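Work through the exercises below with the structure in view. Try each task before reading its solution.

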Amino acid sequence: MHFFSMTFRLGLLMAVVCIALSSCSKLFSPRGIGKIPDTDQTETLLKAHVFHLADSIGERNVYHPGSMERSARYIEQKLDGMGYAVTRQAVRIPPSGKFGAVKDWTAYNLIAIKKGTSPRPKMLIVGAHYDTKVGMDNWHDHGPARPSRTGTPGANDNASGVAALLETARALAATSTLHDVCLVAYANEEPPFYQTPAMGSAVHAKSVSHHPGRKKSSA
């Protein structure tokens, strides 16, 4: 009797699953009047961004200023091609032995604004850092920097994040938003700058903290 009961329950469960699966196309069919994104194209573009940043450019940080600048220009060019005006926000690296050879140096956050239609817009900030971790004694160290050692090409830390940022920007460019959307590619998020005043997101947060809900950026 117990066996029959268990068999019946299992059969009933399988029937429910089959009915649910047959209804999935209805449950997850698109709603509203928005344009359905071309997921194949999006996948291709995401891959292209990751490969360009991590493979064509590779390690990118202020200890390798050439690749850092190439990365910044790539992001700027992509955003500019979508119709955004991009501003550079200075992120100064103060004189400090902690930062080694790049003390008293300037990196840049890259900022683009999608204006909302509201007369009193709030602001949503979407960001991703475009620098990668410089070589150190051990992969888990936060310093000191060893630029002569191979760092990381940063495919998933954080070329993938930059790719998502760029494709979010592309999607937003084709539609209207009620509120402002601030798209930011941050510099200096990796050690030895993490949790210091030279961290890009900290600089940007400070620039907007006195004006909640309003655009505030500096070149």
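**Exercise 1: two helices**

H3 and H4 are roughly antiparallel to each other, because their angle falls in the class over 145 degrees (under 35 is roughly parallel, 65 to 115 roughly perpendicular, the rest oblique). The model is predicted: local features need pLDDT of at least 70, side-chain atom pairs count only at pLDDT 80 or more, and totals for chains, interfaces and linings use all residues. Residues are numbered from 1 along each chain as its sequence is written, and side-chain values use heavy atoms, with hydrogens and water left out.

Task: At what angle do H3 and H4 pack, and which residues make the contact?

Step 1. Find helix H3 at residues 39-57. Helices (H or I, at least four residues) and strands (E, at least two) are DSSP runs, numbered from the N terminus.

Step 2. Read the angle. H3 and H4 pack at about 160 degrees, with their axes 10 Å apart. Axes are lines fitted to C-alpha atoms, for helices over the stretch in contact, and angles run from 0 to 180 degrees between N-to-C directions.

Step 3. List the contact (heavy atoms within 4.5 Å). H3 gives Ala48, His49, His52, Leu53, Ser56 and Ile57. H4 gives Ser67, Arg70, Ser71, Tyr74 and Lys78.

**Exercise 2: the sheet**

Task: In what order do the strands lie, and which stand at the edges?

Step 1. Write the order. The 4 strands form an open sheet, S1-S2-S4-S3, with mixed pairing. Two strands pair if DSSP finds at least two bridges between them.

Step 2. Look at the ends. S1 (86-93) and S3 (123-129) each have a single partner strand, so one side of each lacks a neighbour in the sheet.

Step 3. Go pair by pair. S1 and S2 run antiparallel, joined by 8 bridges. Thr87 stands opposite Ile111 in S2. S2 and S4 also run antiparallel, with 5 bridges. There, Ile113 has Cys182 in S4 as its bridge partner. S3 and S4 (residues 180-186) pair in the parallel sense over 7 bridges. Met123 stands opposite Asp180 in S4.

Step 4. Add the helices. H4 (residues 65-81) packs on the sheet and touches S1, S2 (105-114) and S4. H5 (residues 155-173) packs on the sheet too, touching S2, S3 and S4.

**Exercise 3: burial**

Task: How many residues of S2 are buried?

Step 1. Use the cut-off. Buried means under 20% relative accessible area, exposed over 50%, partly exposed in between (1.4 Å probe, protein chains only).

Step 2. Count. In S2, 7 of the 10 residues are buried, so the strand is largely enclosed by the rest of the structure.
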